[in-house]
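Q: Please take a close look at the aromatic rings in this structure. Walk me through how they pair up and what surrounds them.

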Amino acid sequence: MNKAVVIPCYNESTRLPVAEYASFLQNEVSCVLVFVNDGSTDDTVAVLKNLQLQFQENVQIVDLIQNVGKAAAVRAGVLKCLEHDYESIGYLDADLATSLEEWISISENISGDVVFAFGARISKIDNQISRKKYRHYVGRVIATFISEALGFAVYDTQCGCKVLRADVAREVFTEGFLSRWLFDVEIFFRIKNRFGGPNMSRVCREIPLQRWHDVAESKVKFTYFFRLWTDLFLIAKKYRNAQN
């Protein structure tokens with residue numbers, strides 16, 4: 001097994017697509033799923049343990065007692081992965097808005113100079129990207145400001161489908177993150193600071209997804225839209241100072 005995907009879970013017991021996970025695990029033996037229970041108050045752990053019983057070699061569980069947010073949950077999962085000898089490590093949303101099969105496809109881009117590959121929710125004639133209109137337009141505004149802060153263009157930093165070469169994951173995830181939800185931007189800054197801005201097009205691949213769909217509920221509260229700008233300012237300030 002040479003790949004590991006971290007899947008953060010918070011109160012997912014009624015909406016975790018267990019059948020999709022089971023179907024994937026029956027056919028894919030090269031990948032380990034590392035579920036991180038982020039202090040859930042429902043039966044998420046029980047659902048995960050049942051899946052683990054069926055696929056003991058390919059399912060691991062990190063059980064966090066308290067809810068720490070997506071950033072810290074993903075980091076806890078990645079640090080667990082780094083205890084093993086995986087070639088690539090990434091993460092994916094628990095609702096499988098992007099499928100595990102597509103995550104595997106994107107992970108195949110980690111080769112040669114490419115150390116970071118990620119999906120982008122770009123709607124094209126030959127794919128199926130289903131997003132609520134307000135999320136799309138708000139997302140485009142946010143993406144514009146994020147690209148400006150980073151100093152290079154990224155269409156979709158916030159898509160929850162990302163893969164890193166293991167040694168780069170170790171560098172990127174050693175330190176905790178400033179933001180609970182905008183940590184993806186910090187990942188881009190850390191890779192930029194490691195490889196240099198001019199080299200980002202060489203070491204990164206942004207890949208349009210074939211399929212993505214909005215889930216019924218979002219774990220990010222609408223009020224975070226206002227907090228987001230403060231987070232982005234603090235993130236940009238920290239990592240720009242680190243370059244000096």
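A: Start with two rings: tyrosine 91 is buried, and phenylalanine 183 is buried too. The model shown here is a predicted one. These two residues form a tilted aromatic pair, with 5.7 Å from centre to centre and 40° between the planes. The planes are neither under 30 degrees apart, as in stacked rings, nor over 60, as in edge-to-face rings, so the term is tilted.

The pair joins distant parts of the chain. Tyrosine 91 belongs to strand β4 (residues 88-92). Phenylalanine 183 belongs to helix α7 (residues 183-195). In sequence, 92 residues separate them. The two rings also belong to a cluster: ring pairs link Tyr91, Phe173, Phe177 and Phe183.

Now widen the view. Nine aromatic pairs turn up in a search of the whole structure. One of them brings together tyrosine 21 and phenylalanine 35. Their ring centres are 5.1 Å apart and their planes meet at 70°, so this pair is edge-to-face. It too links distant parts of the chain, 14 residues apart. Tyrosine 21 is in helix α1 (residues 18-27), and phenylalanine 35 is in strand β2 (residues 31-38). Tyrosine 21 counts as buried because its relative accessibility is 0%. Phenylalanine 35 is buried as well, with a relative accessible area of 0%.

Some rings meet a charge. The charged end of arginine 140 sits over the ring of tyrosine 155, 3.7 Å from the ring centre. Arginine 194 places its charged end over the ring of phenylalanine 195, at 4.5 Å from the centre.

Not every aromatic residue is buried. Phenylalanine 233, in helix α9 (residues 224-243), has 54% relative accessibility and therefore counts as exposed. Together with Leu178 and Leu234, Phe233 makes a nonpolar surface patch of about 300 Å².

Last, the cysteines. A disulfide is a covalent bond between the sulfur atoms of two cysteines. This structure holds zero disulfides. For cysteine 9, the nearest cysteine sulfur is that of cysteine 81, 13 Å away. Cysteine 9 counts as buried, at 1% relative accessibility. Cysteine 159 has its closest cysteine sulfur in cysteine 161, at 5.5 Å, which is too far for a bond. Cysteine 159 is also buried, at 0% relative accessibility.

Technical notes: Residues numbered from 1 in each chain as written. Predicted model: local features only at pLDDT ≥ 70, side-chain atom pairs only at ≥ 80, totals over all residues. Heavy atoms only, no water. Patch = residues over 30% accessible without salt bridge, like charges linked within 9 Å, V, L, I, M, F, W, Y side chains within 5 Å. Areas by Shrake-Rupley, 256 points an atom, 1.4 Å probe, with all protein chains shown as cover. Salt bridge = Lys/Arg side-chain N within 4 Å of Asp/Glu carboxyl O. Helix = DSSP H or I, 4+ residues; strand = E, 2+ residues; numbered from the N terminus. Buried < 20%, exposed > 50% of the residue type's maximum accessible area, 1.4 Å probe, protein only. Phe/Tyr/Trp six-rings, centres within 6.5 Å; stacked < 30°, edge-to-face > 60°. Lys NZ or Arg CZ within 6 Å of the ring centre and 35° of its normal. Disulfide = S-S within 2.5 Å.
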